[in-house]
Amino acid sequence: MGRITSSSCPAPGRPAASWRFRAMTTRARSERCQDDIGLIVGRRCMQNIQSHSAGEILKAVALAGSIGTYCGMSRMLEDLLDESRATGWAAGQGTLAQVQMDAAVLGWVEVPTRRGGPAVSTLRPVDPAEAEPNSLSARYGRDAQPLHTDGAHLSKPPDIVVLTCATTSTTPTRLWNRPRYGRARTQLPEHVRHGVFLISSGAESCFGTAYSGGRFRYDPGCMQPCDARARQTVQYFVDVAKYADEHIWGEPGQVLLIDNRRVLHARASATQEPQREIQRVSFHLKREAS
Ligand SMILES: [Fe+2]
C-alpha cells in the first residue's frame with residue numbers, strides 16, 4: 001500500500017479532492033498544510049493519511065465533505081472493531097455517513113447483500129407477500145427471525161455487518177456467539193462443521209456447511225439441510241437462540257457492528273413496531289482484523 005501525503009495544499013475554498021497527493025515526509029510540510037487550510041490536523045490523522053492510499057483518502061474526504069472534517073473525526077469504526085474482538089459485536093454512537101467514511105479510510109469494501117442491489121439497505125418489517133424471494137422476511141414476515149448470518153448465499157459473505165438507527169426502536173437485535181469458558185470459545189458440535197446444506201443462489205447455488213474456515217455461514221432462508229447432521233444443525237441454532245444477547249436501540253444514532261464471521265444475529269419480533277427502520281451496510285475487510 002502506497003504512503004500518501006501531500007506536498008501542496010489546496011487554496012482555501014478549493015475542493016479537497018483536487019489535491020495532488022505526493023510524498024510528505026517532514027513535519028514542516030504538515031504544519032504548512034495546516035496553516036494553509038486553517039485547520040489543526042492531529043497526529044492521529046497524519047498517521048492515517050500516511051498509511052492509506054490516495055483513493056482511500058480521497059473517498060473519505062469526499063464523504064466527510066472536507067479534509068478538516070475527515071481529520072477531526074475519530075475513527076469510530078476502528079474503535080468498534082477493536083471492541084468487538086471479545087464478544088463479536090460492539091455498539092456506539094454515529095451515523096451511516098460516518099460509518100462509510102471510516103470504512104473508506106480503512107479500505108473496507110462495501111458488499112451489496114442482494115446481487116445488483118445497493119450496498120446500503122433500509123430494513124423494515126414486511127409481510128411475506130412484500131418480501132424478497134429466499135429472504136427471511138419471505139418466511140417469517142414481521143415475526144421474530146431465526147439466528148443467521150448475512151449474505152449466506154454469496155460466494156464470499158460479508159465479514160462485517162453494520163446496522164445504524166437514526167431514531168430508536170423497541171425491537172431488539174439478537175446476537176449469539178459461541179459461549180466462552182476462560183479465554184477460549186467452546187467447540188462447536190461436529191454436525192455444525194459437517195452437516196451439508198444446499199445454498200440457494202440462483203445459477204451459483206452450491207453445497208456447503210454452516211461453519212468452515214473459522215467462520216459461520218448460516219441462513220435458513222436460503223440454506224436447505226441435505227443430511228441428518230444439517231438437520232441437527234438447524235435445531236442447534238434454534239436451541240441456542242435462547243442464549244442470545246439483545247441489543248436495545250434505546251437511543252437515537254446508535255451504530256451496531258457485528259462480526260458476521262463469528263456471530264449470528266436476528267431481529268426480534270417486530271409485529272408491534274411496523275415503522276421500525278434500520279440501515280444496514282456490509283463490508284469485506286481489506287486486512288484480516290480478528
Ligand atoms: Fe440479518
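This report describes how several strands pair in the structure.

The model is predicted: local features need pLDDT of at least 70, side-chain atom pairs count only at pLDDT 80 or more, and totals for chains, interfaces and linings use all residues. Residues are numbered from 1 along each chain as its sequence is written.

Strands here (E, at least two residues) are DSSP runs, numbered from the N terminus. Two of them pair if DSSP finds at least two bridges between them. In general, strands of a sheet pair through backbone hydrogen bonds, either parallel or antiparallel.

One open sheet has 3 strands in the order E11-E10-E14, and its pairing is antiparallel. Strand E11 (206–208) and strand E14 (223–225) are the edge strands, each pairing on one side only. On average, neighbouring strands of this sheet are turned by 30° against each other, direction ignored; the axes are lines fitted to C-alpha atoms, and angles run from 0 to 180 degrees between N-to-C directions. Within the sheet, strand E10 (residues 197–199) is joined to E11 by 3 bridges in the antiparallel sense. Leu198 stands opposite Phe207 in E11.

Strand E18 (residues 278–284) takes part in further pairings, including an antiparallel one with strand E4 (residues 109–110). The table lists pairings with E18.

| Strand paired with E18 | Sense | Bridges |
|---|---|---|
| E4 (residues 109–110) | antiparallel | 2 bridges |
| E5 (residues 120–123) | antiparallel | 4 bridges |
| E6 (residues 160–165) | antiparallel | 5 bridges |

Individual residues show how these strands face E18. Val109 has His284 in E18 as its bridge partner, Thr122 stands opposite Gln279 in E18, and the bridge partner of Ile160 in E18 is Phe283.
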